[in-house]
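Open your viewer and get ready to click along. We'll hop from one selection to the next, and at each stop I'll tell you what is there.

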Amino acid sequence: MLLLCLDTATPQVSVAIGDEGAVRGEIRLGRGRRHAEQLAPAIAYLCHELDVELARLAGIAVGLGPGLFTGLRVGVTTARTMAQALRVPVVGVASLDLVAYPLRHTNRLVAAVLDARRGEVFHARYRPVPGGVQRVGDYEVGAPADLVADLVAAGEEVLFAGDGALRYRAAFAEVDRSEQAGPAYAFPSGAALVELATARVEREEFSSPWELEPFYLRQSDAEIEWERRQAS
Amino acid sequence: MRILGIETSCDETAAAVVEDGRRVRSSIVSSQVELHAPYGGVVPELASRAHVELVNPVVDDALMEAGVLDAGELDAIAACHGPGLAGALLVGVSAAKALALTTGLPYVQVNHLEAHLYAGWLEEPDLEPPLAVLIVSGGHTLLVVMEDHGRYRMMGQTVDDAAGEAFDKVARFLGLGYPGGPAIDRLAADGEAGAVAFPRAMRDEGYDFSFSGLKTAVVNHVRKHPDVPAADVAASFQEAVVDVLTTKLVAAAAEAGAPTLVLGGGVAANSRLRARVAEAAEASGRRAFLPPLALCTDNGAMIAGAAWWRLRADGPTPLDGGVAPSLALPTM
Ligand SMILES: [Zn+2]
């Protein structure tokens with residue numbers, strides 16, 4: 001079972017092709033803000049080099065964010081359109097889950113933290129369980145200092161991952177007995193998407209292409225401003 | 001040759017199938033006007049989010065209406081890549097490239113302004129350049145002489161507000177809501193166009209336009225004379241805009257020796273502008289070509305139409321083509 005897996009929620013463009021849950025090939029491009037230019041050629045190159053015809057795909061998987069809005073829209077629109085044209089199911093997975101999943105063999109609390117710009121981070125916490133990680137609490141967006149305060153209060157050993165964790169590493173160092181997973185864990189993992197999406201397709205937990213939407217987590221500035229004005 | 005055209009540059013999600021740059025086989029437009037109305041203008045982030053939701057159903061409807069069972073039956077896939085809102089353009093371009101990738105068909109990127117110029121051929125397949133074209137909407141105000149296919153002379157543009165923006169701002173000031181163009185057109189029908197002599201900025205100097213002073217003049221006049229009926233203000237304001245637009249369009253046609261006047265853009269729906277351009281054409285021995293409203297406002301058919309001409313001239317666009325939010329019309 002071949003799956004095409006895309007994630008464009010961060011400055012990295014990630015394309016992987018999975019075969020029965022294993023990565024047949026993967027491209028990662030970290031040039032930032034070039035999602036619209038790079039995604040289609042990366043898919044074409046990977047398929048060509050792996051000799052995979054698109055018509056043979058059993059499904060498309062995509063990271064839904066939270067993340068950078070423009071990147072998300074490129075990935076989600078591409079996944080929706082390809083799935084529609086190929087008439088295959090599509091699977092959406094939260095991009096923060098793809099940051100946490102590769103750290104499932106730790107025994108610490110995993111904090112997946114992606115840079116949300118404007119001084120904020122998207123984050124979620126995970127506890128390792130047999131075969132994966134289980135999210136504790138919601139996906140959130142907020143200032144790094146707020147996350148630090150919450151984690152200090154919880155008093156657990158924390159393993160930080162994601163480009164937001166690295167960007168605000170000084171702030172997160174305030175959390176006792178914490179450690180950074182490092183640059184290898186900065187972005188959503190293509191291999192994680194292959195594994196998680198394969199399991200979902202096997203359980204037939206997929207959506208129709210049109211139901212799939214980016215996970216924005218943040219309102220648009222105009223809505224925030226408009227609600228503020230309505231309230232005052 | 002059948003081409004699918006996708007348009008997502010502003011607040012319309014649109015797709016169409018057009019044959020040989022002329023015959024419209026289907027054209028679907030999903031407008032977001034109601035989504036943006038509470039904000040009094042287009043909110044880019046909301047527009048982008050709506051495009052993501054709408055682009056696939058709109059493309060599907062366009063294919064179905066054209067009797068295309070599978071996108072692979074087409075000959076090319078086109079999308080507007082600029083000018084427009086970056087986040088909005090990305091959606092149409094991504095969808096078009098994804099379709100090109102899955103079908104193996106050529107991808108063609110299309111300049112939105114050039115597409116407005118080519119909308120005429122969808123209604124009038126035998127249209128022959130040179131044409132003097134006025135494109136007026138909430139986003140653009142341009143006066144172009146199309147000397148031949150792909151050969152454009154930019155005669156004038158706005159130096160401040162777009163014509164449609166002036167309608168929106170004055171409508172908001174008069175409490176008529178958004179979008180302002182149709183609201184002013186309706187109200188003006190009951191008013192006296194000669195009631196207030198609003199300024200005709202730069203009417204007889206060159207081909208550029210300026211509308212911001214006119215808006216200020218309307219505001220000042222209403223504050224000073226609160227008893228003037230709103231219908232008279234609307235009709236007089238509209239007359240001032242239409243007078244400048246028509247005068248320059250005819251002057252540009254005369255200078256370039258263009259026998260045909262063409263209107264495009266959302267403001268081309270204005271009933272007074274259509275009437276004045278038709279009169280002016282007749283008075284100067286020219287022909288006025290006023291495409292139906294559906295081809296004047298943003299639509300996918302004009303993208304698919306222009307793509308046919310572009311594909312013949314330049315061939316397909318590589319799949320690493322991005323978006324160009326501030327793209328200009330390629331002029332000579
Ligand atoms: Zn337009």
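A contact here means heavy atoms within 4.5 Å. Keep in mind that you're looking at a predicted model, where local features need pLDDT of at least 70 and side-chain atom pairs count only at pLDDT 80 or more, while totals for chains, interfaces and linings use all residues. For finding your way, residues are numbered from 1 along each chain as its sequence is written, chains are lettered from A and ligands numbered from 1 in the order in which they are written, and side-chain values use heavy atoms, with hydrogens and water left out.

**Stop 1: chain A**

Select chain A and switch to cartoon. You'll find eight helices and 10 strands (DSSP runs numbered from the N terminus, helices being H or I of at least four residues and strands E of at least two). Look at contacts between residues at least 6 apart in sequence: in chain A, 64% of them join residues at least 24 apart. Turn the chain around, and its C-alpha trace spans about 50 × 45 × 35 Å along the principal axes. How many of the 232 residues of chain A count as buried? The share is 55%, where buried means under 20% relative accessible area, exposed over 50%, and partly exposed in between, using a 1.4 Å probe and protein chains only.

**Stop 2: a pair of rings in chain A**

Now show the side chains of Tyr139(A) and Phe215(A). Their rings form an edge-to-face aromatic pair, 5.0 Å centre to centre with 85° between the planes. The rule is that rings of Phe, Tyr and Trp (its six-membered ring) pair if their centres lie within 6.5 Å; planes under 30 degrees apart are stacked, over 60 edge-to-face, and the rest tilted. Tyr139(A) sits in strand β8 (residues 132–142) and Phe215(A) in the loop between α7 (190–202) and α8 (221–231) of chain A, so the pair ties together parts that are 76 residues apart in sequence. Tyr139(A) is buried, at 16% relative accessibility, whereas Phe215(A) is partly exposed at 27%.

**Stop 3: chain B**

Hide chain A and bring up chain B, with its 11 helices and 10 strands. Chain B has a radius of gyration of 20 Å, close to the 20 Å that the globule rule gives for 332 residues, so it is as compact as a globular protein of that length. That radius is taken over C-alpha atoms, and the rule is 2.2 Å times the number of residues to the power 0.38. Of the 332 residues in chain B, 57% are buried. For some more rings, select Tyr118(B), Trp121(B), Trp308(B) and Trp309(B), which ring pairs link into a cluster.

**Stop 4: helix α5(B) and the glycine after it**

Zoom in on α5 (163–173) of chain B. Which of its residues are buried? They are Ala163(B), Gly164(B), Ala166(B), Phe167(B), Asp168(B), Val170(B) and Ala171(B). What covers them includes β6 (131–136), β7 (141–148), α6, α7 (212–224) and α8 (230–256) of chain B.

Next, click Gly175(B), in the loop between α5 and α6 (180–188). This glycine follows α5(B) and has a positive phi, near 70°. Is Gly175(B) buried or exposed? Gly175(B) is exposed, with a relative accessible area of 61%. To finish, draw a line from its C-alpha atom to that of Pro83(B): the two are 92 residues apart along the chain and separated by 30 Å.
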